[in-house]
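Me: Let's go through this one together. I'd like to know how each label is earned, so expect a lot of "why is it called that".

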Amino acid sequence: MVGWLLLLSLMALPEPAMATAEEMEVESVYFEGRWAFIDEECAAPSSWTMISGGTFVSEDLMGSWRWQDGQLLLNLDDLAIDEETGEAGGKFRMDGPVTLVDSGRFDFTIAPDVYQLKRCP
């Protein structure tokens with residue numbers, strides 16, 4: 001009987017709070033700073049740096065970022081040279097909704113992909 005009560009009480013626990021950034025009325029300052037993919041080290045050159053005023057910098061990417069209407073908008077230039085063709089990358093845009101996990105982590109959805117990022121110190 002005690003086992004069933006314990007099981008029922010565990011099932012009643014609330015799920016971790018996650019909400020879209022739009023629901024939480026997030027300011028653009030939340031995104032300023034250095035971010036790394038959840039499974040990478042912050043020192044990895046692929047980490048993202050979003051500078052106040054809208055400048056975006058990464059290993060092979062440069063451009064601008066903006067927070068607008070619950071969407072993160074990235075306008076980027078791919079600086080990498082394709083290893084197979086030798087051609088330079090080009091301009092592209094990424095925009096999509098953000099889900100805040102906590103003050104140091106967010107998920108950025110570019111359907112069908114979800115980029116999971118963590119704040120770097």
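Me: What makes Arg105 and Asp107 a salt bridge?

Reply: In this predicted model, the closest N and O atoms of Arg105 and Asp107 are 2.6 Å apart. The cut-off is within 4 Å, so the pair counts as a salt bridge.

Me: And are these two residues buried or exposed?

Reply: Arg105 has a relative accessible area of 17%, and Asp107 comes in at 11%. Buried means under 20%, so both Arg105 and Asp107 get that label.

Me: How many salt bridges does the structure hold?

Reply: There are 3 salt bridges. One of them joins the side chains of Asp95 and Arg93, 2.9 Å from N to O. Asp95 has 34% relative accessibility, and since that falls between the 20% and 50% limits, Asp95 is called partly exposed.

Me: How do you know that Asp77 and Lys91 form a salt bridge?

Reply: Their side chains come to 3.0 Å, N to O, and with a limit of 4 Å that qualifies. Asp77 sits in strand β6 (residues 71-78) and Lys91 in strand β7 (residues 91-102), so this pair ties together parts that are 14 residues apart in sequence.

Me: Why is Lys91 called exposed, but Asp77 partly exposed?

Reply: Lys91 has a relative accessible area of 71%, and exposed means over 50%. Asp77 has 27%, which lies between the two limits, so Asp77 is partly exposed.

Me: On to the cysteines. What makes Cys42 and Cys120 a disulfide?

Reply: Their sulfur atoms are 2.2 Å apart, and the cut-off is within 2.5 Å, so the pair passes. The structure holds 1 disulfide. Cys42 is in the loop between β2 (33-37) and β3 (48-51), while Cys120 is in the segment after β9 (113-119); the two are 78 residues apart, and the bond links distant parts of the chain.

Me: Why is the disulfide of Cys42 and Cys120 called left-handed?

Reply: The torsion about the S-S bond is about -90°, so left-handed it is.

Me: Are Cys42 and Cys120 buried or partly exposed?

Reply: One of each. Cys120, at 8%, is buried, whereas Cys42, at 21%, is partly exposed. The buried label needs a value under 20%, so Cys42 doesn't get it.

Me: How do you know that β4 and β5 pair?

Reply: Strand β4 (residues 55-57) and strand β5 (residues 61-68) share 3 bridges in the antiparallel sense. At least two are needed, so they count as paired. Thr55 stands opposite Ser64 in β5, and the two strands form a hairpin with 3 residues between them.

Me: What about β5 and β6?

Reply: They have 8 bridges, again antiparallel, so the requirement of at least two is met there as well. Trp67 has Leu72 in β6 as its bridge partner. The hairpin of β5 and β6 has 2 residues between the strands, and Asp69 takes a positive phi near 50° there.

Me: Which residues touch the most other members of the largest nonpolar core?

Reply: Among its 21 residues they are Phe31, Trp48, Met50, Leu72, Leu74, Phe106 and Phe108. The elements giving two or more residues to this core are β2, β3, β5, β6, β7 and β8 (105-110). Leu72 touches residues including Phe31, Met50, Phe106 and Phe108.

Technical notes
Residues are numbered from 1 along each chain as its sequence is written. This is a predicted model: local features need pLDDT of at least 70, side-chain atom pairs count only at pLDDT 80 or more; totals for chains, interfaces and linings use all residues. Side-chain values use heavy atoms; hydrogens and water are left out. Helices (H or I, at least four residues) and strands (E, at least two) are DSSP runs, numbered from the N terminus. Buried means under 20% relative accessible area, exposed over 50%, partly exposed in between (1.4 Å probe, protein chains only). A nonpolar core is a set of buried Ala, Val, Leu, Ile, Met, Phe, Trp, Tyr and Cys residues joined through side-chain atoms within 4.5 Å. Contact means heavy atoms within 4.5 Å. Lists of a residue's contacts leave out its neighbours within four places in sequence.
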